[in-house]
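This briefing introduces one protein chain to a reader who has its sequence and structure at hand. Please keep both in view while reading.

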Amino acid sequence: VFQLLTDLKEQRKESGKNKHSSGQQNLNTITYETLKYISKTPCRHQSPEIVREFLTAMKSHKLT
């Protein structure tokens with residue numbers, strides 16, 4: 001989620017398009033608040049590779 005929101009934020013910066021509709025402003029607020037919260041948690045340091053390694057390591061335990 002952190003990576004996805006960060007990528008979306010960067011795409012909006014690069015495109016330079018800031019729509020001012022209420023729906024877009026709500027989305028911007030939700031994105032900002034979520035990124036602000038997540039950046040204070042350990043998941044900020046996770047990457048797809050780390051998650052993949054974890055899942056591979058846990059596969060042998062047959063958790064459901």
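S47 lies in the loop between α2 (22-38) and α3 (48-59); helices (H or I, at least four residues) and strands (E, at least two) are DSSP runs, numbered from the N terminus. The model is a predicted one, in which local features need pLDDT of at least 70 and side-chain atom pairs count only at pLDDT 80 or more, while totals for chains, interfaces and linings use all residues. Residues are numbered from 1 along each chain as its sequence is written, and side-chain values use heavy atoms, with hydrogens and water left out.

**Overall form**

- The protein chain has three helices and zero strands, and its elements run α-α-α from the N terminus on.
- The radius of gyration of the protein chain is 16 Å, whereas a compact globule of 64 residues would have one near 11 Å. This radius is taken over C-alpha atoms, and the globule rule is 2.2 Å times the number of residues to the power 0.38.
- Taken along the principal axes, the box filled by the C-alpha atoms of the protein chain is roughly 50 × 20 × 20 Å.

**Surface and charge**

- Of the 64 residues in the protein chain, 9% are buried. Buried means under 20% relative accessible area, exposed means over 50%, and partly exposed lies in between (1.4 Å probe, protein chains only).
- The protein chain exposes about 5800 Å², and carbon and sulfur atoms supply 57% of this area. Accessible areas come from the Shrake-Rupley method with a 1.4 Å probe; for residues, only the protein chains shown count as cover.
- The protein chain has 11 positive and 6 negative charges, whose mean positions are 5 Å apart. Lys and Arg count as positive and Asp and Glu as negative, while His and the chain ends are not counted. The place of a charge is taken as NZ of Lys, CZ of Arg, CG of Asp or CD of Glu.

**Helix α1 and the residue after it**

- The 14 residues of α1 should span 20 Å at 1.5 Å a residue, and its end C-alpha atoms are indeed 20 Å apart. The expected span of a helix is 1.5 Å times one less than its number of residues.
- Q11 belongs to helix α1 (residues 2-15) and is partly exposed, because its relative accessible area is 49%.
- Between the C-alpha atoms of Q11 and L27, which are 16 residues apart in sequence, the distance is 14 Å.
- G16, just after α1, takes a positive phi of about 75 degrees.

**Helix α2**

- For the 17 residues of α2, the expected span at 1.5 Å a residue is 24 Å, which agrees with the 24 Å between its end C-alpha atoms.
- The buried residues of α2 are Q24, T31, L35 and I38. They lie on the same side of α2 because they cover an arc of only 70 degrees around the axis; the arc is that of the directions from the helix axis to the C-beta atoms.
- The face of α2 turned away from its buried side carries the exposed residues S22, I30, Y32 and Y37.

**The loop between α2 and α3**

- Q46 is found in this loop and counts as partly exposed, at 48% relative accessibility.
- The C-alpha atoms of Q46 and R12 are 23 Å apart in space, and the two residues are 34 apart in sequence.
- S47 is partly exposed, because its relative accessible area is 21%.
- S47 and Q3 are 44 residues apart along the chain, and 7.9 Å separates their C-alpha atoms.

**The segment after α3**

- K62 is found in the segment after α3 and counts as exposed, because its relative accessibility is 71%.
- Most residues other than glycine have a negative phi. K62 is not a glycine, yet has a positive phi of about 50 degrees.
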